[in-house]
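These are comments for a colleague who is opening this structure for the first time. Please read the numbered points with the sequence and the model side by side.

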Amino acid sequence: MVALSSKRHRALSSARRMELPWRIGLFLNFISYCVSTGNDCVVGVAGGSSVLFCVYGGARGIQLGYLAIEWRTGGALVHGFVTGADQLGHQDPLYSNRTQLFPAGLQEGNFSLRLSGIMAGDAQDYGCYFTDSGEGPLQHLCSVCLAVAVDRSGRGSGLLIRPASALTSGRTGWEGMWLCGTVLCVMVAILVAGVLLYQNRLDRKSERTPQADQASGPHQILYLGLGLNGFQRD
């Protein structure tokens, strides 16, 4: 019984030690899932149009006279909006006549940008910056990745062009983290299942031992009584 209790204690201790890597695996899965989902690229077809979505959740009846919005990629101005009107004087010529905000949704915080006439070179990371106070520096609100699908064969089979960040340090790293987290969770789950199975066997063995002792008790008493009767007859 002492040996079984010691083994059970070691099994429970092993299970508790596995709790930390289990939690780490779950944490890695959660973080990598959230980040990789947030970094998904919007896919636009070359020659068509696409919307770079960006919504300001803290909007409370924004006054357009105090609103300033800039969409940028790298150091280039893609689209500008200041005090109720588009300001395109410093717009990069590459995006001339190809960008449009949604005026009806600006007061509700919809700062999304429509990009038309999409080209392969538009596969970039875009950022939206804004202020609704009419002063001070613009704050970063959204980052949107645009991937461009180029149909070169005319038969529907094409090439998906992604920004360099999405191919290197973007989703690839987070997908690797997700894979490591998943493998860690599976391995720990298997080990924990093995420990619990082993503990269950120990419990069953410990339950059988008292039953065997109880069953052997009456037989021993009977044998002892028979022995005493024989001794008295002699």
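1. In this predicted model, C128 is a cysteine whose closest cysteine sulfur belongs to C54, at 3.9 Å. Because a disulfide requires two cysteine sulfur atoms within 2.5 Å, that separation is too far for a bond. C128 also counts as buried, with a relative accessibility of 0%.

2. To which cysteine, then, is C54 joined? The partner of C54 is C142, and the disulfide between them has an S to S distance of 2.0 Å. The angle about the S-S bond is 80°, which makes the link of C54 and C142 right-handed. This pair connects distant parts of the chain, since C54 sits in the loop between β2 (50–52) and β3 (68–73), while C142 belongs to strand β9, 88 residues apart. Both C54 and C142 are buried.

3. A search of the whole structure yields two disulfides, and the other partners to consider are C41 and C145, with sulfur atoms 1.8 Å apart. C41 lies in strand β1 (residues 41–45) and C145 in strand β9 (residues 139–151), so this disulfide ties together parts that are 104 residues apart in sequence. The link of C41 and C145 is right-handed, with 65° about the S-S bond. C41 and C145 are each buried.

4. When the bonded cysteines are counted along the protein chain, the disulfides follow the pattern 1-4, 2-3. A reader tracing this pattern may wish to keep strand β9 in view, given that C145 lies in that strand and that C142 does as well.

5. Turning to the aromatic side chains, how many aromatic pairs does a search of the whole structure find? The search returns four aromatic pairs. One of them is formed by Y56 and F111, whose ring centres are 6.3 Å apart and whose planes meet at 20°, so the pair is described as stacked. It links distant parts of the chain, with Y56 in the loop between β2 and β3 and F111 in the loop between β6 (99–100) and β7 (113–115), 55 residues apart.

6. Is F111 buried or exposed? F111 is buried, having a relative accessible area of 0%. The ring of F111 also pairs with that of F130, and here the centres are 5.5 Å apart and the planes stand at 45°, so this pair is tilted. F130 lies in strand β8 (residues 125–131), 19 residues apart from F111 in its loop between β6 and β7. F130 counts as buried too, at 4% relative accessibility. Taken together, the ring pairs join Y56, F111 and F130 into a cluster.

7. As for the chain as a whole, its secondary structure comprises four helices and ten strands. Read from the N terminus on, the elements run α-α-β-β-β-β-β-β-β-β-β-β-α-α. Among contacts in the protein chain with a separation of 6 or more, 62% are between residues 24 or more positions apart.

8. Finally, on burial and surface, 28% of the 234 residues of the protein chain count as buried. The accessible surface of the protein chain comes to about 15000 Å², and carbon and sulfur atoms account for 59% of that area.

Technical notes: Residues numbered from 1 in each chain as written. Predicted model: local features only at pLDDT ≥ 70, side-chain atom pairs only at ≥ 80, totals over all residues. Heavy atoms only, no water. Helix = DSSP H or I, 4+ residues; strand = E, 2+ residues; numbered from the N terminus. Buried < 20%, exposed > 50% of the residue type's maximum accessible area, 1.4 Å probe, protein only. Phe/Tyr/Trp six-rings, centres within 6.5 Å; stacked < 30°, edge-to-face > 60°. Contact = heavy atoms within 4.5 Å. Areas by Shrake-Rupley, 256 points an atom, 1.4 Å probe, with all protein chains shown as cover.
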